[in-house]
Amino acid sequence: MDLEKRIDVLNTLVEINNDRVEGYETATKDTDEQDLKRLFGELASTSKRNNRELSDEIRKIGGEPTDSTRVSGKFFRAWMDVKAALTGKDRKAILNSCEYGEEQALDTYDDVLKDDLEHLSQGQQSLIREQHASIKADHRKVKSMSEALA
């Protein structure tokens with residue numbers, strides 16, 4: 001197994017979780033709705049936990065966890081949509097934008113699970129599957145809140 005590739009794969013997941021933390025912490029500051037503040041706090045907490053676990057794995061194998069974000073076009077657009085929706089106080093638009101951001105996070109995990117498992121140990125694969133499940137649960141929370149408004 002290529003150690004550098006393993007570190008790169010794990011850092012890809014750190015980056016997407018950094019995106020989530022940054023996005024949800026910003027969203028928490030920009031909304032006055034207490035239930036959304038709670039939701040955003042929970043979603044950010046998921047990624048903070050994920051990052052602690054991923055960073056521990058990276059350090060165990062001699063790597064350095066990244067502190068950067070992906071700021072990919074799609075993810076950046078999702079957070080700009082959240083920001084615009086918060087400014088307009090449009091709850092449905094806020095939740096739709098959050099749902100889109102959650103889909104980007106899930107896509108990143110899906111890509112790793114599909115394309116990069118051979119670079120990871122069994123323990124790391126299990127960890128990533130568990131994290132994927134928690135992000136999927138977060139996505140369901142956002143989606144159900146959005147659907148409740150329909």
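This note goes through the salt bridges and one charged surface patch of a predicted model.

1. Overall count. The predicted structure holds 8 salt bridges. Three of them are taken up below, followed by a network and a patch of negative charge.

2. Asp116 and Lys5. These two residues form a salt bridge in which the closest N and O atoms are 3.9 Å apart. The cut-off for such a pair is 4 Å. Asp116 lies in the loop between α4 and α5 (122–148), while Lys5 belongs to helix α1 (residues 3–30), so the bridge ties together parts that are 111 residues apart in sequence. The partners differ in burial class: Asp116 is buried, with a relative accessible area of 14%, whereas Lys5 is partly exposed at 31%. Asp116 counts as buried because its 14% falls under the 20% limit for that class.

3. Asp138 and Arg20. Here the closest N and O atoms of the salt bridge are 3.0 Å apart. The pair links distant parts of the chain, with Asp138 in helix α5 and Arg20 in helix α1, 118 residues apart. Both ends are buried: Asp138 has a relative accessible area of 3%, and Arg20 has 0%.

4. Glu42 and Lys141. Glu42 forms a salt bridge with Lys141, and their closest N and O atoms are 3.2 Å apart. This pair also links distant parts of the chain: Glu42 sits in helix α2 (residues 34–60) and Lys141 in helix α5, 99 residues apart. Glu42 counts as partly exposed at 39% relative accessibility, and Lys141 is likewise partly exposed, at 34%.

5. The network. The pairs in points 3 and 4 should be read together, since Arg20, Glu42, Glu102, Asp138 and Lys141 are linked in a network of salt bridges. Within this network, Arg20 and Asp138 are buried, while Glu42 and Lys141 are partly exposed.

6. The negative patch. Which residues gather in a patch of negative charge on the surface? They are Asp107, Asp110, Asp111, Asp115 and Glu118. Asp107 is found in helix α4, which spans residues 91–115. Its relative accessibility is 37%, so Asp107 counts as partly exposed. That value is compatible with patch membership because a patch residue needs over 30% relative accessible area and no salt bridge. By contrast, Asp116, at 14%, falls short of the accessibility limit for a patch and takes part in a salt bridge with Lys5.

How values were computed
Residues numbered from 1 in each chain as written. Predicted model: local features only at pLDDT ≥ 70, side-chain atom pairs only at ≥ 80, totals over all residues. Heavy atoms only, no water. Patch = residues over 30% accessible without salt bridge, like charges linked within 9 Å, V, L, I, M, F, W, Y side chains within 5 Å. Areas by Shrake-Rupley, 256 points an atom, 1.4 Å probe, with all protein chains shown as cover. Salt bridge = Lys/Arg side-chain N within 4 Å of Asp/Glu carboxyl O. Lys, Arg positive; Asp, Glu negative; His and termini not counted. Charge placed at Lys NZ, Arg CZ, Asp CG, Glu CD. Helix = DSSP H or I, 4+ residues; strand = E, 2+ residues; numbered from the N terminus. Buried < 20%, exposed > 50% of the residue type's maximum accessible area, 1.4 Å probe, protein only.
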